[in-house]
Amino acid sequence: MIKYIPGTVLEFDSKKNSCAFDVIKPFFALTNGITLAQVRELTGLETSTIQNWVKRGWVPSPINKRYGQRQIVRIMLINSIRRSMKIENVINLMTYINGDVEDTSDDVVSDEILFNEFCKAVYMCDTSHTCDSDVINTLITEQVTHIPDLDETGKVKLQKTLQIMTLAFLAAQLQDRVDEEFSSIAP
């Protein structure tokens with residue numbers, strides 16, 4: 001069972017699985033972004049990790065030391081799958097779907113849509129109790145057909161990206177379960 005919104009320390013609410021980012025949007029309602037300390041609290045990441053990702057160009061630079069929605073979504077996306085994938089592969093996957101991090105004109109879908117669709121896919125797998133990659137692929141294929149303004153190439157890219165992200169997330173969840181079970185027998 002999913003405990004947290006992927007990439008965050010916020011409780012996962014199955015009623016809001018289709019728009020998971022909507023849970024986080026209120027943080028931005030009254031401000032021009034959130035501080036690094038708030039990003040750290042939201043994601044559970046260390047300051048140095050977040051700063052490193054920005055320095056390497058994996059996350060758009062904050063504006064006036066404030067992280068906006070684009071930066072937060074990118075951080076959550078990377079954070080949600082990095083435990084089971086090499087970080088270079090995570091970044092290559094983000095580039096595959098959305099090109100240059102600073103240029104939104106080459107995005108197949110916005111990072112926010114990607115994040116919400118990813119959360120939907122994870123939730124579907126969780127509720128159907130499956131880790132079978134063929135079943136996951138079928139669920140994601142069906143899910144992607146409902147996204148407007150995507151050409152066939154975009155749909156294929158999004159489908160492949162969601163499949164990889166979902167499998168990576170589930171792999172990390174299974175590893176947590178293994179560790180939990182092992183701790184019950186470990187001396």
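What follows is a walk through a few helix contacts and four residues in a predicted model.

The helix pair α2 and α3 makes a handy starting point. Helix α2 covers residues 36-43 and helix α3 covers residues 47-55, and their axes sit 9 Å apart at an angle of about 110°. An angle of 65 to 115 degrees counts as roughly perpendicular, so that is the label α2 and α3 get relative to each other. On the α2 side the contact is made by L36, V39, R40 and T43, which meet T47, I50 and Q51 of α3. Sorted by class, the residues in this contact of α2 with α3 come out as three nonpolar, three polar and one charged.

The loop between α2 and α3 holds E46. Is E46 buried or exposed? With a relative accessible area of 53%, E46 is exposed, because the exposed class takes in anything over 50%. As for its place relative to A29, the two residues are 17 apart along the chain, and their C-alpha atoms are separated by 25 Å.

Helix α2 also packs against α4, this time at an angle of about 35° and with the axes 11 Å apart. The crossing of α2 past α4 is right-handed. Here V39, L42 and T43 of α2 meet I72, I75, M76 and N79 of α4. The class tally for α2 with α4 is five nonpolar and two polar residues, with no charged ones. V39 and T43 thus turn up again, having also been listed in the contact with α3.

T8 ties in with this region from the segment before α1 (26-29). Leaving aside residues up to four places away in sequence, T8 touches I24, L42, T43 and M76; of these, L42 and T43 belong to the α2 side of the contact with α4, and M76 to the α4 side. T8 has a relative accessible area of 9% and is therefore buried, the limit for that class being under 20%. The side chain of T8 also reaches the backbone nitrogen of L10, at 3.0 Å.

Next comes the pairing of α4 with α6. Helix α4 (residues 69-81) and helix α6 (residues 111-128) have axes that come within 9 Å and cross at roughly 40°, and the crossing is left-handed. From α4, the contact draws on Q69, R70, V73, R74, M76, L77, S80 and I81, while α6 supplies D111, E112, L114, F115 and F118. By class, that makes seven nonpolar, two polar and four charged residues.

L77, found in helix α4, deserves its own look. At 0% relative accessibility, L77 is buried. Setting aside residues up to four places away in sequence, L77 touches M94, D111, L114, F115 and M165; D111, L114 and F115 are among the α6 residues in the contact with α4. From L77 to K120, the sequence separation is 43 residues and the C-alpha to C-alpha distance is 13 Å.

Finally, T161 lies in helix α8 (residues 152-183). How accessible is T161, and does it count as buried or exposed? Its relative accessibility is 0%, so T161 counts as buried. With residues up to four places away in sequence left out, T161 touches L93, Y96, I97 and L114. L114 also appears in the list of residues touched by L77.

Methods: Residues numbered from 1 in each chain as written. Predicted model: local features only at pLDDT ≥ 70, side-chain atom pairs only at ≥ 80, totals over all residues. Heavy atoms only, no water. Helix = DSSP H or I, 4+ residues; strand = E, 2+ residues; numbered from the N terminus. Buried < 20%, exposed > 50% of the residue type's maximum accessible area, 1.4 Å probe, protein only. Polar contact = N/O pair within 3.5 Å; in protein donor to acceptor, adjacent residues only side chain to side chain. Contact = heavy atoms within 4.5 Å. Axes fitted to C-alpha atoms, helices over the stretch in contact; angles between N-to-C directions. Parallel < 35°, antiparallel > 145°, perpendicular 65-115°, else oblique. Nonpolar A, V, L, I, M, F, W, Y, C, P; charged D, E, K, R; others polar. Left-handed = near helix turned anticlockwise from the far one by under 90°.
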